Amino acid sequence: GGSTSSSSSPPARLDFGCGAKWRGTRVLTTSYDRTAKIWCFETGRCLWTFAGHGDGVMSATISPNGCSILTAGYDGIARIWDLESGECLQSFEGANDIGRGVG
């Protein structure tokens with residue numbers, strides 16, 4: 001699930017789809033470390049880490065209402081995460097093709 005983290009490691013890839021504009025100060029990143037993270041753009045602090053993919057996360061986007069994120073991993077699984085609790089709400093297997101279009 002999601003967790004608060006103080007990790008300051010630089011993200012492997014920035015996803016500037018809608019993540020950079022979400023609430024004005026947040027950036028959503030994906031990484032080969034099997035996570036997606038939300039960072040505070042102003043401080044560089046990691047606010048949330050979403051872990052659960054079996055391989056790197058290739059893409060992610062924040063929902064239009066700002067309540068959840070969708071991640072797609074190289075493991076072929078897409079996941080919907082709740083931004084309030086950090087929990088994975090739903091997983092979709094066989095999402096290799098979907099992942100290239102997320103974000």
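How many residues lie between β4 and β5 in their hairpin, and which turn residue has a positive phi? The answer is 5 residues, with G44 in the turn showing a positive phi of about 80°. This hairpin is a good place to start a tour of the structure, which is a predicted model.

**View 1. The β4–β5 hairpin is built from antiparallel strands.** Strand β4 is joined by 5 bridges to strand β5 (residues 46-51). To find your way across the pair, look for K37, whose bridge partner in β5 is T49. From there you can follow the chain to the turn, where G44 has the positive phi of about 80°.

**View 2. Strand β4 also pairs with β3.** The two strands run antiparallel and are joined by 5 bridges. Here K37 of β4 turns up again, this time as the bridge partner of T29. The β3–β4 connection is a hairpin with 4 residues between the strands. In its turn, R34 has a positive phi of about 80°.

**View 3. Strand β4 is covered on both faces.** On one side sit T35, K37 and W39, and on the other A36, I38 and C40, all of them buried. That is 6 of the 6 residues of β4, so the strand is described as mostly covered.

**View 4. Four strands line up in an open sheet in the order β6-β7-β8-β9.** The pairing in this sheet is antiparallel. Its edge strands are β6 (57-62) and β9 (88-93), each of which pairs on one side only. On average, neighbouring strands of the sheet are turned by 15° against each other, with direction ignored.

**View 5. Strands β6 and β7 meet in a hairpin.** Their antiparallel pairing extends over 5 bridges. A handy landmark is S59, whose bridge partner in β7 is A72. Between the two strands lie 5 residues, and G66 in the turn has a positive phi of about 75°. Strand β7 is largely enclosed by the rest of the structure, because 5 of its 6 residues are buried.

**View 6. A second hairpin carries the chain from β7 to β8.** These strands pair in the antiparallel sense over 5 bridges. In the middle of this view, look for T71 and its bridge partner in β8, R79. The hairpin has 3 residues between its strands, and G76 in the turn has a positive phi of about 85°.

**View 7. Strand β9 pairs with β8.** The two strands run antiparallel, and 5 bridges join them. To locate the pairing, find I80, which stands opposite Q90 in β9.

**View 8. Two tyrosines, Y32 and Y74, form a stacked pair.** This is one of the 3 aromatic pairs found in a search of the whole structure. The ring centres are 6.1 Å apart and the planes meet at 15°, so the pair counts as stacked. The partners come from distant parts of the chain, 42 residues apart. Y32 belongs to the loop between β3 (26-30) and β4 (35-40), while Y74 belongs to the loop between β7 (68-73) and β8 (77-82). Are these residues buried or exposed? Y32 is exposed, with a relative accessible area of 63%, and Y74 is partly exposed at 42%.

**View 9. W48 and F50 form another stacked pair.** Their ring centres lie 6.1 Å apart and the planes are at 20°, so this pair is stacked as well. W48 is partly exposed, with a relative accessibility of 23%. F50, in contrast, is buried, with a relative accessible area of 1%. Adding W81 to the view completes one aromatic cluster of W48, F50 and W81.

**View 10. Model confidence varies along the chain.** The chain averages a pLDDT of 76, and 68% of the residues score at least 70. Which elements have the lowest and the highest mean pLDDT? Strand β2 (residues 13-15) has the lowest, at 43, and β8 has the highest, at 93. Over residues 3-21 the pLDDT is below 50. Beyond near neighbours in sequence, this stretch has 41 contacts in the model.

How values were computed:
Residues are numbered from 1 along each chain as its sequence is written. This is a predicted model: local features need pLDDT of at least 70, side-chain atom pairs count only at pLDDT 80 or more; totals for chains, interfaces and linings use all residues. Side-chain values use heavy atoms; hydrogens and water are left out. Rings of Phe, Tyr and Trp (its six-membered ring) pair if their centres lie within 6.5 Å; planes under 30 degrees apart count as stacked, over 60 as edge-to-face and the rest as tilted. Buried means under 20% relative accessible area, exposed over 50%, partly exposed in between (1.4 Å probe, protein chains only). Two strands pair if DSSP finds at least two bridges between them. Axes are lines fitted to C-alpha atoms, for helices over the stretch in contact, and angles run from 0 to 180 degrees between N-to-C directions. pLDDT is the predictor's confidence in each residue, from 0 to 100. Contact means heavy atoms within 4.5 Å.
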